[in-house]
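Welcome! Here is a short briefing to help you find your way around a new structure. Please take a look at it first, then read on.

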Amino acid sequence: MIKKIVKILKRIMIGILSIFVVITLVGVAFVNVSPQFGSDAKDVSLERIRKSPNFLNGAFKNSEKTIQNTGFKWSTIPKFFTDGNNKTPSVELPMEKLSKSYFENEPKQPRITWFGHSAAFVEMEGMNIFIDPMLGDVPAPHPLLGSKRFQKELPISIDSLPKIDVVLISHDHYDHLDYGSVVKLKDKVGQFYVPLGIKAHLTSWGIDTTKIIEFDWWESINYKGIEFISTPARHFSGRGVTNRNSTLWCSWVLKSENSSIFFSGDSGYGKHFKEIGDKYGPFDFAMMECGQYNEQWSQIHMTPEETIIASIEVQSKLTMPIHWGSFKLALHSWDDPILRASVKAKELNIKFSTPKVGESIVLNQENFPNESWWLN
């Protein structure tokens, strides 16, 4: 009897081990053959990474001590795969649809059009600039590995977008750097400005190396009258299991003689906001991370209240929340970011703009989108 039980247990263990081996092999094969994962830096790019003051012991570091998972709890993992707690909208969200002629009507002042999450189309000094153009349905390397976009469609199809002078990328996470979006956009784009290490991803996706410039923190370039400055953020990077923090993350400053714009990228609250504000502020407009936060990630994402405080420290005259309203990437309700940020902005008397997806903000005008559309 005991021998039979031992044999059964052995078969069960062998079966479990076999399943584990198969899953591992499939996973390894998927990573190796799927272009979504990008590639690793080499040659000149790798040399620049190794010489960066922000690269230490084989990985990029934040400018202040940062723990990526604070107080991690295994019990929270299953909650990410459910829609409880109002994590997704129960009704279709309003959207402003755009036509081709929209971009033909060039604004006299900088115009920023929100494409959801952190994707923003900036028209400034006669140039078209697309920041973090994640236009795909799912922020993951495979549709089964992430939740779908809240909006069923984009404000305008990628094919109908105009030529883009510059694409700015803040870091290589899937909700900011999307393989499918880049492949569809690449023939429309003149230049890609990216943090150190991300060039390898883009070249593996068929983008000519001459169209890509990599930046360390505080490095800049003046292109057609706009100074593009890669500034610090407090975050992390990586697209696979083994390459965490192998590429840099950043925020961006766009500054011309007439206007100045700040884009926070993904960032926890930190001393860099005041440093950026003191060095390049005040800003006419700031797009600030506000969403996908959790107490377990308190040092790499901001709470809505910290978003408003950070906008004060970068010296923003008008603030717009980003990184919310399109994807379920955290445990909070889908509208918690805007509800809390709106309250804090009102409390501190901060000019706060809340466009719908597809709606634009034209700078230096008295009127700007501030409707509480999420309440309906």
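## A strand with two partners

Strand E4 and strand E5 (residues 127-131) run antiparallel and are joined by 5 bridges. Before we go further, please keep in mind that this is a predicted model. We begin with E4 and its neighbours, then turn to another hairpin, the aromatic rings, and the pockets and cavity.

**E4 and its surroundings**

- Within the pairing of E4 with E5, Val122 has Ile129 of E5 as its bridge partner.
- The hairpin of E4 and E5 leaves 2 residues between the strands, and Glu125 takes a positive phi near 50° there.
- On the other pairing, strand E3 (residues 111-114) is joined to E4 by 4 bridges, and these two strands also run antiparallel.
- Val122 turns up here as well, as the bridge partner in E4 of Ile112.
- The hairpin of E3 and E4 has 5 residues between its strands, with Gly116 taking a positive phi near 95°.
- Is E4 enclosed or open to the outside? Strand E4 (residues 120-124) has 5 of its 5 residues buried, so it is largely enclosed by the rest of the structure.
- As a general point, side chains in a regular strand alternate between the two faces of the sheet.
- In E4 both faces are covered, with buried Ala120, Val122 and Met124 on one side and buried Phe121 and Glu123 on the other.

**Another hairpin to look at**

- Strand E9 (residues 220-223) and strand E10 (residues 226-231) run antiparallel, and 4 bridges join them.
- One place to spot this pairing is Ser220, whose bridge partner in E10 is Ile229.
- E9 and E10 form a hairpin with 2 residues between them, and Lys224 in the turn has a positive phi of about 55°.

**Aromatic rings**

- How many aromatic pairs does a search of the whole structure find? The search gives 23 aromatic pairs.
- Take Trp324 and Trp373 as an example: their ring centres are 5.6 Å apart and their planes lie at 20°, so this pair is stacked.
- Trp324 sits in the loop between strand E14 (319-322) and helix H8 (336-347), while Trp373 is in the segment after strand E15 (360-362), so the pair ties together parts that are 49 residues apart in sequence.
- Trp324 has a relative accessibility of 1% and counts as buried.
- Trp373 is buried too, because its relative accessible area of 5% is under 20%.
- One aromatic cluster is made up of Tyr102, Phe103, Phe115, Phe121 and Phe130.
- Phe121 in this cluster is also one of the buried residues of E4.

**Charges over rings**

- Arg239 places its charged end over the ring of Tyr174, at 4.0 Å from the ring centre.
- Lys279 lies over the face of Trp218, and the distance to the ring centre is 4.5 Å.

**Pockets**

- The largest pocket has a volume of about 1600 Å³.
- Its lining consists of 37 residues, and those nearest the centre of the pocket are Pro139, Leu145, Phe236, Arg244 and Leu329.
- Sorted by class, the lining of the largest pocket holds 18 nonpolar, 14 polar and 5 charged residues.
- The second largest pocket has a volume of about 340 Å³.
- Gly136, Asp137, Val138, Asp178 and Gly180 are the closest to the centre of the second largest pocket, out of the 20 residues that line it.
- That second lining is split into 9 nonpolar, 6 polar and 5 charged residues.

**A cavity**

- The structure has 1 cavity of 30 Å³ or more.
- The largest cavity has a volume of about 60 Å³.
- Of the 13 residues lining this cavity, Lys87, Gln292, Phe327, His332 and Trp334 are the closest to its centre.
- The lining of the cavity comprises 7 nonpolar, 4 polar and 2 charged residues.

**One loop residue**

- Where is Ser298 found? Ser298 is in the loop between strand E13 (285-289) and helix H7 (304-313).
- With 35% relative accessibility, Ser298 counts as partly exposed.
- Ser298 and Glu153 are 145 residues apart along the chain, and their C-alpha atoms are separated by 32 Å.

Note on methods
Residues are numbered from 1 along each chain as its sequence is written. This is a predicted model: local features need pLDDT of at least 70, side-chain atom pairs count only at pLDDT 80 or more; totals for chains, interfaces and linings use all residues. Side-chain values use heavy atoms; hydrogens and water are left out. On a 1 Å grid over the protein atoms alone, a cavity is a set of points where a 1.4 Å probe fits but cannot get out, and a pocket is an open set with protein on both sides within 12 Å along at least five of seven lines; lining residues have an atom within 4 Å of a point. Grid points are joined across faces, edges and corners, and a volume is the space filled by probe spheres set on the points. Ala, Val, Leu, Ile, Met, Phe, Trp, Tyr, Cys and Pro count as nonpolar, Asp, Glu, Lys and Arg as charged, and the others, Gly among them, as polar. Two strands pair if DSSP finds at least two bridges between them. Rings of Phe, Tyr and Trp (its six-membered ring) pair if their centres lie within 6.5 Å; planes under 30 degrees apart count as stacked, over 60 as edge-to-face and the rest as tilted. Buried means under 20% relative accessible area, exposed over 50%, partly exposed in between (1.4 Å probe, protein chains only). A charge sits over a ring if NZ of Lys or CZ of Arg is within 6 Å of the ring centre and within 35 degrees of the ring normal.
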